[in-house]
Amino acid sequence: KVWLEIVWGFYKESESSDKLVRVIHQVPIMMGRGNGKTTLISAVALVGLLIDGEYGADVQILATTRPQAELAFSASKAMLNKAGSLLNKLTLNKQLKRTKQGLMFEPTNSLMSVKTSKYETLDGTNAHYNVFDEVHAYKTDFIKVVNDGSTRKRSNWISWYVTTNGRTRDAVFDRYYKTWADVLSGKIDDDSIFPFLYEIEI
């Protein structure tokens, strides 16, 4: 609950318009295995699709491989089947639809889809809402490609990084982890990044 209150609870006036824009644009969450990471990703992505207030939102679940990204996407689709739920009612009313591209929310013309680390699929993206799964497994920094596209086109863009610590060292994850840890320690002053790093102190 605290993640949601902090991330969606703070907005500021835009320097270029009267529009309110979010303060926090990047939310790293590092947790241990078996703590519901896939369910969290699927729920967070659905929030971006349905209630984040962006018309034409492009919501992306990203991972190094399609099967990995599909895990969370499949969990999102499964939530639509629970009888009596709001998601199920939206589906029955044909406001929330399964398409070849992903999940489409008709009232705001917003789409949730799956992407991988292949650069040809990421070039030119301008997603409003990015959810990166298992960052520790990334061999190339396609995070920067995605975030650069979002920054140029979307004033209220947001990227979530939901990951375990993994075992690969001195690679993409460790570079981002250092930045996140420096934000928490105060070495880096950046209110747009709010990390939640859960680990055992040694």
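User: How many aromatic pairs does a search of the whole structure find?

Analyst: The model is a predicted one. Rings of Phe, Tyr and Trp count as a pair if their centres lie within 6.5 Å. Searched over the whole structure, the number of aromatic pairs is 10.

User: Are the ring planes of Tyr138 and Phe142 stacked, tilted or edge-to-face?

Analyst: The ring centres of Tyr138 and Phe142 are 4.5 Å apart, and their planes meet at 35°. Stacked needs planes under 30 degrees apart and edge-to-face over 60. The angle of 35° fits neither class, so the pair of Tyr138 and Phe142 is tilted.

User: Is Phe142 buried or exposed?

Analyst: A residue counts as buried under 20% relative accessible area. Its ring partner Tyr138 is at 1% and is buried. Phe142 has a relative accessible area of 0%, so Phe142 is buried.

User: What is the angle between the ring planes of Tyr176 and Trp180?

Analyst: The ring centres of Tyr176 and Trp180 lie 6.1 Å apart, within the 6.5 Å that defines a pair. The pair counts as tilted because the angle between the planes is 45°.

User: Which helix holds both Tyr176 and Trp180?

Analyst: Tyr176 is buried at 15% relative accessibility, and Trp180 is buried at 1%. The two residues are four residues apart, about one turn of the helix. The helix that holds both, residues 172–185, is α7.

User: Which residues do ring pairs link into a cluster?

Analyst: Tyr138 and Phe142 form one pair, and Tyr176 and Trp180 form another. Both of these pairs belong to a cluster linked by ring pairs. Its members are Phe132, Tyr138, Phe142, Tyr161, Phe173, Tyr176, Tyr177 and Trp180.

User: Which residues does Asn147 touch, leaving out those up to four places away in sequence?

Analyst: Asn147 lies in helix α6, residues 142–153. Asn147 has 9% relative accessibility, so it counts as buried. With residues up to four places away left out, the residues it touches are Gln26, Asn130, Phe132, Trp157, Ser159 and Tyr161.

User: On which residue is the kink in α3 centred?

Analyst: Helix α3, residues 66–79, has 14 residues. Its span from first to last C-alpha is 20 Å, close to the expected 20 Å. The helix nevertheless has a kink of about 25°. The buried residues of α3 are Ala69, Ala72, Phe73 and Ser76, and the kink is centred on one of them, Ala72.

User: What covers the buried residues of α3?

Analyst: The residues to be covered are Ala69, Ala72, Phe73 and Ser76. The elements that cover them include α2 (37–50), β4 (58–62), β6 and β7.

User: Which element gives the largest share of the lining of the largest cavity?

Analyst: There is one cavity of 30 Å³ or more, and the largest cavity holds about 30 Å³ of space. Its lining includes Gly48, Leu49, Leu50, Thr108 and Ser110. The largest share of the lining is three residues, and these come from α2.

User: Is Lys94 buried or exposed?

Analyst: Lys94 has a phi near 65°, positive although the residue is not glycine. Lys94 lies in the loop between α4 (86–92) and β5 (96–98). Its relative accessibility is 61%, and over 50% counts as exposed, so Lys94 is exposed.

User: What is the phi of Asn109?

Analyst: Asn109 lies in the loop between β6 (103–105) and β7 (110–115). Asn109 counts as partly exposed because its relative accessibility is 40%. Asn109 is not a glycine, yet its phi is positive, at about 55°.

How values were computed
Residues are numbered from 1 along each chain as its sequence is written. This is a predicted model: local features need pLDDT of at least 70, side-chain atom pairs count only at pLDDT 80 or more; totals for chains, interfaces and linings use all residues. Side-chain values use heavy atoms; hydrogens and water are left out. Buried means under 20% relative accessible area, exposed over 50%, partly exposed in between (1.4 Å probe, protein chains only). Rings of Phe, Tyr and Trp (its six-membered ring) pair if their centres lie within 6.5 Å; planes under 30 degrees apart count as stacked, over 60 as edge-to-face and the rest as tilted. The expected span of a helix is 1.5 Å times one less than its number of residues. The bend at a residue is the angle between axes fitted to the seven residues ending there and the seven starting there. Contact means heavy atoms within 4.5 Å. On a 1 Å grid over the protein atoms alone, a cavity is a set of points where a 1.4 Å probe fits but cannot get out, and a pocket is an open set with protein on both sides within 12 Å along at least five of seven lines; lining residues have an atom within 4 Å of a point. Grid points are joined across faces, edges and corners, and a volume is the space filled by probe spheres set on the points.
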